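Student: I have a structure to look at and I am new to it. Can we go through it together?

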Amino acid sequence: MKNFVKSWFGKHSIKFKLNLSILTCVFLCFLGLMIIISKKSEPIIKEQIDEIAQKSVEMYAADFAHLITDAEQIIINTKNALSQISKDDTKTLNVVLSSAIKTVYHSELSFSGGWVYIFPPENVSQGKLYSVIDNDDGLISFKTEKIENFYHHFPWFKTVPREEKIFWSEPYRDIETGEVVVTCLMPFKFWGQKELNGLVALTIDLSEMHRNSLKGSSFYRSGKLLLLSKTGLYVNHPNPNVALRLTIFQLSRMMKLPQLGLVGKHLVAGKSGQAEIPYSSVVDGPAIFFYAPIKNIGWGFCLVYAKDELLKPIRQFKWIVGLSLLMFVALMLVITERIGHHSVGQLITLCDVAEKYGKGDFSENFDEMPTSSEINRLATAIADMKSDILEYVNKEKEGAAERQKNESELEIARHIQKSALSTKYPKSDAFEIATTMVPARLVAGDFYDFFFIDDNKFAIVIADVSGKGIPASLYMMKAITLIKNISRSKMGLDFVFEQVNQQLYEGNDTCMFVTAFMAVVDLLTGKAKYVNAGHLPPLISNENKKKFINVKTNVALGVYENATFAEEEIDLDPGAHLLLYTDGVTEAENKANKRYGNERLLKIFSKANSTPANNLDLVMKDVKRFIKGNPRSDDIAMLDFVFHGYEPGTITMPAKLEKVQEFLMYLRDDMIEHGLSKKAVFNMVMSAEEIFANIARYAYESKDNAMVTIKTRQDDEMYYVKFIDQGRKYNPLKNEMPDLTVDIKQRKIGGLGVLLVKKLTDSTSYKWQNKQNILELGVKMKK
Amino acid sequence: MAEMNKQLRIEQKREGDKLSCKLTGWMDPNTSPDLLNKIDLSGIKSLVLDMGGVEYVFSAGLRSILMLQKLLEFQGGSIKLINLSDDVRSIFECTGLDSLLEPKA
């Protein structure tokens, strides 16, 4: 390891080393600093968020307490005024009420009505009720009426203690307006009376109030404000079956969430704070509750946030820290580059000039002699060398001119031959290809070729011309052109080779011949047709079996007139690959005259993977290792073709919950089209929904560019749906699963989705690759 | 694309403390909250959900049903699901929620 570092480091320039050292030091220092800042700031940010939320909820509580005090003050004032008038003085009673109600109107109280109830001599139904009529024009009038159905209107009436104290009802729904209200009241005596004579009351409309405050509270999207009465009853709740029906304690027991009960207990005890709740239906997920009591009435406010959303600023902060680190490093890179350039600049100039001399460009001179003495010595030495070299070169030039003439013709031939070989690999999702060609001499007799016959048919060819050198290369040029041209006729491969054979045979006085193998792959179906003319059988890896293809040998091209060839066929599965090669591979000899052979080729081929260039490299290195420096006597040509399979079933759509139905419809149609059983379709739709909804809910920070790509594919037994998203790394299959053995009444509500996916699919896989979540579900086609 | 956006239709019929709801459509994350918001459980002791028209019940739907069950249980009531397709029934069975269903005929 140490040696490796040393040799690697030694390879690079002084400037590079200088830059690297400075940059590494600065980077490490800054990284350390960033980590410290980040670690220190995180709790501070968290604290600040908590503080804002806590302050908000306490502010609501304080506002509400203020309201309560106002209401109580009005009630006490009215009660005191009533105790100053005599029992039958209706006229003054009206004046007192009028002034009380005016106070209400001029205060911040939002109210639905105030009234005074006079206790009847015998029974309730005959009691007098002075209620306030709220006219639209802002004027106030009164009417005296009998309430026949008193208890029905005021469910708490019986529980009012018959003593001169303020009493607050539990929140209830006003029977006429349907709004949530609460009533503050106080029994009173008229002037000179011993018994209590009636109640003075003020009703506050709560629904209007918490509707207003809810809008104001949402400094995050999911923030919801809940009001709890002194018994812990939910005054409001998004679920109408909870609001005014259940207390926080009851919900805590029902949902098996002891944390909720603790919030209730704290509020009852007049304590504020925050609590984490594993599941809250308010946000449909984990939540954080910030709560504060309303002390003078014993009620409380809870501000509820989705936990995920609350942590968002912390995640953003980490991003900012990371980005600034990157920017800083970039800046340092520029600075160190400048410093490095300055300090070793002269050396670099010298290097540049010396390199030019090395390449034969002697035009440059040392116009500005470097100043520092070491560099000065170096410069002088190089200048001396220059004159020596020039002298030598002139002598050599004369002799070389003759030799060059011969070689350059061969070189031209090599170029022509090389340009006849296809080098540009086509870009396709359906397959990948790589080739290699190593001539033993300057020109070769081996060749490969690949080309599209039409949009979906791709041809691959490997061939070996008898003999070597110029004659072989000329014959090769003829063969490669013929094969390509006749293939375009789209006739069967047997026909193609028969035609090629015929044309190579004609005028073949030198008795040359070509062995060749050609395959045409249908990229839609994976069907490969092939034909062989005396060539070695290619290797195939199909369904993980690696072997030599069973081919009919046939005769080589150009040997017999009217020779016939047989076309054969094989199915390629996605992932299958073919290795075409010439005998330069199998017949490579080492110094002990042993041949590389089929066995070794098959063995190394079994290590092949899905990257063709890799596979060729693998074989080439193995051959070189085997011959160990023995010069190659024959050309080597190889072609590796990997079939990925055609992927028609790919769509990309926004990762949004609203899109879930559209996606499932598409998926269902696709499965029905592919002949899946009804049960298999149902199971996959159920499971795919869960994964899609999961990605839509959790994968992305921002929903703006949130996309998900869905790929479907199938093999003989299974149908697969692959989900690819660029959101944060997350494997939903790892989520906690509910305990099924628990009685339904004790069951928690979360975790059902993952359970469904695991039970309904026949295979699941997840990987994090190229910053993408890749999750694949599979079901058996027939169920 | 006429089939797009299947809503969840809820037809409610109340008789005393018995409420029966006929559901039609999909119970997915977009439609399932309606189950909690549109069904009023006050004073209900017995809730029957007729699932005959429900093609899919996804996990969001299961959660809503479980929530209804817990709310009802609290007020001393109970929930029954009837007319489930075999597919939907299998979902309740494999999540262990089949005690909400009437025994298979």
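**Working through the model**

Student: Start with Asn83(B): how exposed is it?

Tutor: Asn83(B) is partly exposed, because 16 other C-beta atoms lie within 10 Å. A residue would need 20 or more to count as buried. Keep in mind that this is a predicted model.

Student: Where does Asn83(B) sit?

Tutor: Asn83(B) is in the loop between strand 4 (78-82) and helix 3 of chain B.

Student: And what is its phi?

Tutor: Phi of Asn83(B) is near 60°, which is positive, and the residue is not a glycine. Most residues other than glycine have a negative phi.

Student: Which residue of chain A has a positive phi although it is not a glycine?

Tutor: Asn554(A) has one, with a phi of about 55°. Asn554(A) lies in the loop between strand 18 (545-548) and strand 19 (567-571) of chain A.

Student: Is Asn554(A) buried or exposed?

Tutor: Asn554(A) counts as buried, because it has 21 C-beta neighbours inside 10 Å.

Student: Back to chain B. How many residues does each chain give to the contact between chain A and chain B?

Tutor: Chain B gives 30 residues and chain A gives 30 residues. On the side of chain B that touches chain A, the elements giving two or more residues are helix 1 (33-38), helix 2 (59-74) and helix 3 (86-94) of chain B. Helix 2 of chain B provides the largest share, nine residues.

Student: What classes of residue are on that side of chain B?

Tutor: The side of chain B that touches chain A has 15 nonpolar, seven polar and eight charged residues.

Student: Now chain A. What is it built from?

Tutor: Chain A has 18 helices and 26 strands. It has 783 residues, of which 32% count as buried. Among its contacts with a separation of 6 or more, 63% are between residues 24 or more positions apart.

Student: Which residues have the most contacts inside the largest nonpolar core?

Tutor: They are Ile462(A), Ala479(A), Met518(A), Leu557(A) and Leu580(A), in a core of 66 residues. Leaving out residues up to four places away in sequence, Leu580(A) touches Tyr448(A), Ile460(A), Ile462(A), Phe517(A), Pro538(A), Met638(A) and Leu639(A). There is also a second, separate core of 65 residues, which includes Leu202(A), Met255(A), Tyr291(A) and Ile294(A).

Student: Where else does Ala479(A) come up?

Tutor: Ala479(A) is one of the buried residues in helix 11 of chain A, along with others including Tyr475(A), Met476(A) and Leu482(A).

Student: Why does the length of helix 11 of chain A agree with what is expected?

Tutor: Helix 11 has 19 residues (469-487), so at 1.5 Å a residue it should span 27 Å, and its end C-alpha atoms are 27 Å apart.

Student: What about Phe497(A), which helix is that in?

Tutor: Phe497(A) is in helix 12 (residues 493-505) of chain A. Phe497(A) is buried, because 27 other C-beta atoms lie within 10 Å. Not counting residues up to four places away in sequence, Phe497(A) touches Val531(A), Ala533(A), Leu557(A) and Phe565(A). Its C-alpha atom is separated by 8.1 Å from that of Thr564(A), 67 residues apart along the chain.

Student: Last topic, confidence. What does chain A average?

Tutor: Chain A averages a pLDDT of 81, and 85% of the residues score at least 70. Over residues 121-126 of chain A, pLDDT stays under 50. It also stays under 50 over residues 135-140 of chain A. Where pLDDT is low, the predicted coordinates should not be read in detail.

Technical notes: Residues numbered from 1 in each chain as written. Chains lettered and ligands numbered in written order. Predicted model: local features only at pLDDT ≥ 70, side-chain atom pairs only at ≥ 80, totals over all residues. pLDDT = per-residue confidence, 0-100. Contact = placed C-beta atoms within 7 Å. Helix = DSSP H or I, 4+ residues; strand = E, 2+ residues; numbered from the N terminus. Expected span 1.5 Å × (residues − 1). Buried ≥ 20, exposed ≤ 12 C-beta atoms within 10 Å, placed from the backbone. Nonpolar A, V, L, I, M, F, W, Y, C, P; charged D, E, K, R; others polar. Core = buried A, V, L, I, M, F, W, Y, C linked by C-beta atoms within 7 Å.
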